[in-house]
Amino acid sequence: MKQPALTLKQFMLRQEVLRLYRDIFRTIRRVPQPENRLELQEWARRDFRSNRHHTDETSIKMMLQYGRRCLTELQNSLDLSGNR
């Protein structure tokens with residue numbers, strides 16, 4: 001069954017979510033220990049999958065803020081440990 005076309009707002013939010021997803025995985029690549037890297041990848045995938053049913057703009061924006069905060073914390077942690 002064909003899904004209805006996205007509105008401009010929905011399209012823009014979708015792009016933000018995809019950008020965050022890619023940024024998280026790019027950052028995870030910097031994690032030196034393979035087991036920790038795999039664990040973080042699974043966590044990110046699970047988090048995005050479990051929230052993919054949300055359609056409310058406000059809740060999506062709140063989840064994006066949370067995701068950006070988590071990404072910033074991970075980046076800061078990696079920077080402090082010298083993994084660039």
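A residue is called exposed here when its relative accessible area is over 50%, and buried when that area is under 20%. Keep those cut-offs in mind for the views below, which come from a predicted model.

**View 1. T55 sits out in the open, in the loop between α2 and α3.** With a relative accessibility of 71%, T55 clears the over-50% mark, so T55 counts as exposed. The loop that holds T55 leads on to helix α3, which covers residues 57–80. Look across to Q10 as well: T55 and Q10 are 45 residues apart along the chain, yet their C-alpha atoms are separated by just 8.6 Å.

**View 2. L8 helps make a nonpolar patch on the surface.** Four residues build this patch, namely L6, L8, F11 and M12. Together they give a nonpolar area of about 430 Å². Zoom in on L8 and you'll find it in helix α1, the stretch from residue 8 to residue 28. L8 has a relative accessibility of 65%, and because the cut-off is over 50%, L8 goes down as exposed.

**View 3. Q41 is a buried residue of helix α2.** Helix α2 takes in residues 34–50, with Q41 among them. The relative accessible area of Q41 comes to 16%; that is under 20%, so Q41 is classed as buried. Who does Q41 touch, once its neighbours within four places in sequence are set aside? The answer is F25 and I28, both in contact with Q41.

**View 4. Stepping back, the whole chain is built from three helices and has zero strands.** Follow the sequence from start to end and the pattern reads α-α-α. The C-alpha trace spans about 45 × 25 × 15 Å along its principal axes. Of the 84 residues in the chain, 20% are buried. If you take the contacts with a separation of 6 or more, 69% of them link residues 24 or more positions apart.

**View 5. The surface and the charges of the chain round off the set.** About 6800 Å² of the chain is exposed, and carbon and sulfur atoms supply 53% of that area. As for charge, you can count 17 positive side chains and 10 negative ones. The centres of these two sets lie 7 Å apart.

Note on methods: Residues are numbered from 1 along each chain as its sequence is written. This is a predicted model: local features need pLDDT of at least 70, side-chain atom pairs count only at pLDDT 80 or more; totals for chains, interfaces and linings use all residues. Side-chain values use heavy atoms; hydrogens and water are left out. Patches are made of residues with over 30% relative accessible area and no salt bridge: like charges are joined within 9 Å, nonpolar side chains (Val, Leu, Ile, Met, Phe, Trp, Tyr) within 5 Å. Accessible areas come from the Shrake-Rupley method with a 1.4 Å probe; for residues, only the protein chains shown count as cover. A salt bridge is a side-chain nitrogen of Lys or Arg within 4 Å of a carboxyl oxygen of Asp or Glu. Helices (H or I, at least four residues) and strands (E, at least two) are DSSP runs, numbered from the N terminus. Buried means under 20% relative accessible area, exposed over 50%, partly exposed in between (1.4 Å probe, protein chains only). Contact means heavy atoms within 4.5 Å. Lys and Arg count as positive and Asp and Glu as negative; His and the chain ends are not counted. The place of a charge is taken as NZ of Lys, CZ of Arg, CG of Asp or CD of Glu.
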